Amino acid sequence: MLTRREDNGFVVNGEVLFPSPGFLSFIGSPRPYIGTDVAFVDDGATTVNVAYAGLNWQVHWTERFYTSASLGGSVNNADLSNGSPNHWGVGCNTLFHVGASAGVDVTERVSVEAYTNHFSNANQCFSNGGLESSGLRAGLKF
């Protein structure tokens, strides 16, 4: 389900991927991640900010090009008691997170990728407006 409303503004996304612990090898060695989407909206709507975490599976198709998929959970600061038209209607303050990206390793330590995030309660709460963010981000390997 896609978000039913749009607002003018932007989202700042940050994500940290960790090395895969050995005990996850039986499910393809996914990497644990934590991230956040911080929204800035300029039309008076109440912003909804999200913190999320889960597991990320990444496949390198060539030496430099890769894709990834993420699955996890999230928390947000939506005011669920607010019935105004500027309320997002996400239904719950805890949501599922799914994400996908495609990227290029520019150097051994620097990458650039296009990403998309979707946050939804999977119809577990009364309202399921969902939240999405998509864009470009730079990566730095430590």
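**Exercise 1. Find the disulfide and say where its ends lie.**

Solution. The count comes to one disulfide, a disulfide being a pair of cysteine sulfur atoms within 2.5 Å. C92 is joined to C125, with S to S at 1.3 Å. The two cysteines are 33 residues apart and link distant parts of the chain: C92 sits in the loop between β4 and β5, C125 in the loop between β6 and β7 (131-140). Strands here are DSSP runs of E with at least two residues, numbered from the N terminus.

The model is predicted: local features need pLDDT of at least 70, side-chain atom pairs count only at pLDDT 80 or more, and totals for chains, interfaces and linings use all residues. Residues are numbered from 1 along each chain as its sequence is written, and side-chain values use heavy atoms, with hydrogens and water left out.

**Exercise 2. Decide whether C92 and V106 are buried, partly exposed or exposed.**

Solution. Buried means under 20% relative accessible area, exposed over 50%, and partly exposed in between (1.4 Å probe, protein chains only). C92 has 12% relative accessibility, so C92 is buried. V106 lies in the loop between β5 (94-105) and β6 (110-120). V106 has 46%, so V106 is partly exposed.

**Exercise 3. Describe strand β4 and its neighbours.**

Solution. In a regular strand the side chains alternate between the two faces of the sheet. In β4 (residues 65-76), Y66, S68, S70, G72, S74 and N76 point to one face and are buried, while F65, T67, A69, L71, G73 and V75 point to the other and are not.

Next, take the pairing (at least two DSSP bridges between two strands). β3 (residues 50-60) runs antiparallel to β4, with 11 bridges; Y52 has S74 as its bridge partner. Four residues separate β3 and β4, which form a hairpin. β4 also pairs with β5 in the antiparallel sense, over 11 bridges, and V75 has T94 as its bridge partner.
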